[in-house]
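This report walks through a single protein chain, beginning with one strand and then turning to the whole fold, its cores and a handful of individual residues.

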Amino acid sequence: MNQSEEIKEKLDIVDIIRDYIPLKASGSNFKANCPFHNEKTASFMVSPEKQIYHCFGCGRGGDVFKFIMEMEGLDFVETLKLLAPKAGVRLEQKNYQSSSKKTRLQEILDLASKYFEKSLHSTDNGKKVLEYLRERGLKDDTISYFKLGYSQNSWNDVLNFLKEKKYREDEIFAAGITQKKENSSHYYNRFRNRIMFPIFDISSNVIAFTARVNPYSQEDEKIGKYINSPETEVFHKSKVLYGIDKAKMEIKKQDFAIVVEGQMDVIMSHQEGFSNTIASSGTALGAEQLKIIKRYTNNLYLAFDMDKAGQMAADRGIKEALEEEMNIKIILLPEAKDPADLLKQDRTLYEKAVKEARNMMEYYVDKVLREHDVTKVEERTPIVNKIFSLLVYMVNKIEKDYWFKVISEKVAINEADLREEFINFQDSFRKNKIRNNGNEIVSVNNMSQKNKESRLEKISKSILSLILKFPEFIDYTISNLDKDLIINEKKHQFYNHLIIYYNNNKSLNFQEFNNWLKTKNEEIHSLIPELVLLGENDFSQLEPAEAQKELVHLISLNKDLFKQEQKKIIQMKISAAEKAEDQEEVSRLLKELKTLSAQN
């Protein structure tokens, strides 16, 4: 048994998935709302017996490794490293010391972070910066916990340090640590004389840096107060939330995430006990970041100071969150105050602001109404349009209906007229989006429809699911259902592989078949979670005699539907031949149709 098999054997997929989403028992299996897409009815199933999962809504499925890879955005080796301690398995470095480019970049970033951290404590300028951080209210334990550092005022110190560690200049450049002189092969440090904030991925790997100018020399700085790592193979800004690695379990525990703007806001929040705080690092929350948050909670608290709260309708993050059907509250801070400053000044004021966070739409509607005179007829259209500018992103129909009633009462407009006006607003809004962006807004909730299965394809899938649930009927199926009657290509191949395996072994051991199929065809093997869990869902209540009766019925139905499909195809060919005035082909096809119709 290799180490990946050992890890898999020692872990229970139910326990691992439960760390991410709540599971509810459903017979011998478990169900949940899928963590990979929005849904109101649970279609995500987990089988403890087979140690697999599948979502019947979005189609994702697999084993415990696949789940972690999907949830955490890790490759297979990274997944093994994450799960090995949970399984009590010590990985042999010689087997899993990946030489991939991605791993090399992460090693470079980790070493650079340690170098910067050491420079903060060991250099003269670093010690001054350390004192500045303490003056900002940070404790030494906090500075250490977030691995804050200092980049020396040097053109090549970290570059030379990493080269001594046997990393190439092009690799160091690819990690974003250095820059390249224009029209030259000369590399130099990207970050010089700055406070270094390492950015971590969800598994606490260093993937990038934000660098703040040294406060004692910022007047001489020409580049800017903050500079960030460039996009690299391991760092994609739109998919990163600062502090998520440290906050994720607390977000899950408290069932809400506080989102702030900057790194210092996150760090001070964690220090003062608000450990469910994360930051989008100066940009509006995007769809990818919201998907990460939704793994742990559907409740979002956004920290705004009074000045910025008026700009909510223009905040892309709020629009994205509404489309994701998240519950949004607004933490209102005193003017010109950010969380870090307020926490340093008076923790109780910030705690009060969090406790008194208001429903975002409720606050926004009240704010719009305060800014206008509702008694004036000419003011009503601007009021309604401002509220519509956020309401247009709301997916939840019940919530939307509630706000139509509220607006109707507060603005004294007939609700039916209001709804009609909203439809006009929505149409105009979409047309503008098409004109400006070249594509129409599509709600995240309204995912692209997958190619719908025909009835024949559904019946074929049910047959395969049933015989995996009741393998004693595989022999009967092979004898009574020709593989050519399975028209879906992937399921046709699956059935063919099942026939080959069964004929060679004269029985079906699920785990052996599962492992065998994986070695034969990875793509076809990926059907197993869907087929097995469909069988568990649809046929687990049947006794063997009932299952056999259902199988006979499904095979008969599959044959009838296949014949109907073949007839349709031949009739289409006849029509084409008639248009081409090919009488010989018409005669041949009519005979073929007659023969097919005569078959039982």
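Strands are taken here as DSSP runs of E with at least two residues, numbered from the N terminus. By that rule Ser26 belongs to strand β1, which covers residues 24-26. The model is a predicted one, and every value below should be read with that in mind. Ser26 counts as partly exposed, because its relative accessibility is 27%. Although Ser26 and Gln541 are 515 residues apart in sequence, their C-alpha atoms are 12 Å apart in space.

## The chain as a whole

The protein chain has 29 helices and 16 strands, and its C-alpha atoms fill a box of roughly 90 × 75 × 55 Å along the principal axes. Of its 600 residues, 49% count as buried. Among the contacts with a separation of 6 or more, 63% are made by residues 24 or more positions apart. The accessible surface comes to about 30600 Å², and carbon and sulfur atoms account for 46% of that area. The chain carries 91 positive and 93 negative charges, and the mean positions of these two sets are 2 Å apart.

Which residues touch the most other members of the largest nonpolar core? They are Ile7, Phe44 and Ile293, in a core that holds 75 residues. A second core, separate from that one, has 61 residues, including Leu138, Ala175, Phe191 and Ala208.

## Two buried helix residues

Val411 lies in helix α20, which is made up of residues 397-411. Is Val411 buried or exposed? Val411 is buried, because its relative accessible area is 1%, and the cut-off for that class is under 20%. Setting aside residues up to four places away in sequence, Val411 touches Leu369, Val374, Arg380, Ile383 and Val384. For one of these, Arg380, the C-alpha atom is 6.7 Å from that of Val411, across 31 residues of sequence.

His492 is found in helix α24, residues 489-505. His492 also counts as buried, since its relative accessibility is 17%. Beyond its neighbours within four places in sequence, His492 is in contact with Lys483, Asp484 and Ile486. With Lys483 there is a polar contact as well, in which the side chain of His492 reaches the backbone oxygen of Lys483 at 2.8 Å.

## Positive phi angles

Most residues other than glycine have a negative phi. Against that background, the residues in the table below can be picked out for their backbone angle.

| Residue | Phi |
|---|---|
| Lys147 | near 55° |
| Lys166 | near 75° |
| Asp255 | about 60° |

Lys147 sits in the loop between α8 (140-145) and β6 (149-151), and Lys147 is classed as partly exposed because its relative accessibility is 35%. Lys166 is likewise in a loop, the one between α9 (157-164) and α10 (169-174). With a relative accessible area of 68%, Lys166 is therefore exposed, the cut-off for that class being over 50%.

Asp255 comes just after helix α11. Within α11 itself, which covers residues 244-254, the buried residues are Ile244, Asp245, Lys246, Ala247, Lys248 and Ile251; this list holds charged side chains such as Asp245 and Lys246 beside nonpolar ones such as Ile244 and Ala247.

## A loop aspartate before α16

Where does Asp338 lie? Asp338 is in the loop between β15 (327-333) and α16 (339-345). At 29% relative accessibility Asp338 counts as partly exposed. A polar atom of the Asp338 side chain lies 2.9 Å from the backbone nitrogen of Asp341, a residue of helix α16 (339-345). Leaving out residues up to four places away in sequence, Asp338 touches Asp265 and Leu333.

The position of Asp338 can also be set against a remote part of the chain: the C-alpha atoms of Asp338 and Gln583 are separated by 82 Å, with the two positions 245 residues apart along the chain. By contrast, the 515 residues that part Ser26 from Gln541 in sequence go with a C-alpha separation of 12 Å.

Terms used: Residues are numbered from 1 along each chain as its sequence is written. This is a predicted model: local features need pLDDT of at least 70, side-chain atom pairs count only at pLDDT 80 or more; totals for chains, interfaces and linings use all residues. Side-chain values use heavy atoms; hydrogens and water are left out. Helices (H or I, at least four residues) and strands (E, at least two) are DSSP runs, numbered from the N terminus. Buried means under 20% relative accessible area, exposed over 50%, partly exposed in between (1.4 Å probe, protein chains only). Contact means heavy atoms within 4.5 Å. Accessible areas come from the Shrake-Rupley method with a 1.4 Å probe; for residues, only the protein chains shown count as cover. Lys and Arg count as positive and Asp and Glu as negative; His and the chain ends are not counted. The place of a charge is taken as NZ of Lys, CZ of Arg, CG of Asp or CD of Glu. A nonpolar core is a set of buried Ala, Val, Leu, Ile, Met, Phe, Trp, Tyr and Cys residues joined through side-chain atoms within 4.5 Å. A polar contact is a pair of N or O atoms within 3.5 Å; within protein, one must be able to donate a hydrogen and the other to accept it, and residues adjacent in sequence count only if both atoms are side-chain atoms.
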